[in-house]
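Please find below my notes on the model, set out as numbered points for you to follow alongside the coordinates.

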Amino acid sequence: MEKYEIKKLKDIEYSTWQGGKTYEIAIGGGNKDYKNRDFLWRVSSATCDLEESEFSDLTNYSRFLTTLDKPIKLEHFSAISKEKISDITLEPFMVHNFDGEIRTVSHGKCKDFNLMTKKLDAFGSMIVENKNNGGLIILDESEHRKFGLKVKQVVFIASGGILIRETNQELNEEDFFVSNGEIININATKDNSNIIICTIIIAK
């Protein structure tokens, strides 16, 4: 029996947002209802199909974002003064963490990858591992689990491929799986494999 259920991004039904399409990869907590903002964490991938688009308001949530293919420019505006407070050029696989409450405008077309966590109730991180064939990644959240914290990890293959050594399962581009923070040993099966790892620690 497979320990982890491998899914493919292409098999997920998409919904639309004002800038393109969004694919909900995983969601947890509350009623798992993104539309009504009744969730603790969410991982998704979206397309930005317009040269300029404004991100959805995610007050009470922290956001982690990376682009999967092309660079984009993000502008952040103060929720109080409405003035621009910062901008950043986000290169592919560079991770940017920002407050979901601030108004954010994106410039440029791309496919992106998102992690959202509810402030105080869940804490998240997103890292991108770039590995050549045979490169090893060890996922180990046993310390958090030892203290009774609930952990979720979402592993997404942005490019290349991996082998899960414990189950001898192979994943290829745009495959993903969700784990409960178990120790997992992964080997890249192709050069220049980019693996996105989202870790969510649930406090509530």
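1. In this predicted model, E174 touches K7, K8, L9, K111, F156 and I157, once residues up to four places away in sequence are set aside. E174 itself is found in the loop between β16 (169-172) and β17, and, at a relative accessibility of 22%, E174 counts as partly exposed, because the buried class is reserved for values under 20%. A further spatial relation concerns G161, which is 13 residues from E174 in sequence and 9.1 Å from E174 in space, taken C-alpha to C-alpha.

2. Turning to the sheet, five strands form an open arrangement in the order β1-β17-β14-β19-β12, with antiparallel pairing. The edges are taken by β1 (7-8) and β12 (122-131), each of which has a single partner strand, so one side of each is left without a neighbour in the sheet. For β12, the pairing with strand β19 (residues 193-202) is antiparallel and extends over 10 bridges, and within it I127 has I197 of β19 as its bridge partner.

3. The strand β7 (residues 72-77) deserves its own point. Five of the six residues of β7 are buried, so that the strand is mostly covered, where buried means under 20% relative accessible area. β7 pairs in the antiparallel sense with strand β8 (residues 84-90) over six bridges, and L74 has I88 of β8 as its bridge partner. Six residues lie between the two strands of this hairpin, in which K82 takes a positive phi near 70°. β7 is also joined by five bridges to strand β10 (residues 103-107), again running antiparallel, and here E75 stands opposite V105.

4. Is H96 buried or exposed? H96, which has its place in strand β9 (residues 96-99), counts as buried because its relative accessibility is 13%, and the cut-off for that class is under 20%. The side chain of H96 makes a polar contact, at 2.9 Å, with the side chain of H76. Leaving out residues up to four places away in sequence, H96 touches R63, F64, L65, L74, H76, I88 and L90; L74 and I88 in this list are also bridge partners in the pairing of β7 with β8.

5. Which residues are closest to the centre of the largest pocket? The largest pocket holds about 370 Å³ of space, and of the 22 residues that line it, A26, W41, K152, V178 and N180 are the closest to its centre. The elements that give two or more residues to this lining are β3 (20-28), β14 (150-159) and β17 (175-179); β14 and β17 also belong to the five-stranded open sheet. By class, the lining residues of the largest pocket divide into 10 nonpolar, four polar and eight charged.

6. The second largest pocket has a volume of about 240 Å³. It is lined by 16 residues, of which W17, T22, Y34, R42 and S56 are the closest to its centre. At least two lining residues are supplied by each of β2 (14-17), β4 (41-48) and β11 (110-118), and the lining of the second largest pocket comprises six nonpolar, six polar and four charged residues.

How values were computed: Residues numbered from 1 in each chain as written. Predicted model: local features only at pLDDT ≥ 70, side-chain atom pairs only at ≥ 80, totals over all residues. Heavy atoms only, no water. Pairing = 2+ DSSP bridges. Helix = DSSP H or I, 4+ residues; strand = E, 2+ residues; numbered from the N terminus. 1 Å grid on protein atoms, 1.4 Å probe; cavity = no way out; pocket = protein on both sides within 12 Å on 5 of 7 lines; lining within 4 Å. Points joined across faces, edges and corners; volume = space filled by probe spheres on them. Nonpolar A, V, L, I, M, F, W, Y, C, P; charged D, E, K, R; others polar. Buried < 20%, exposed > 50% of the residue type's maximum accessible area, 1.4 Å probe, protein only. Polar contact = N/O pair within 3.5 Å; in protein donor to acceptor, adjacent residues only side chain to side chain. Contact = heavy atoms within 4.5 Å.
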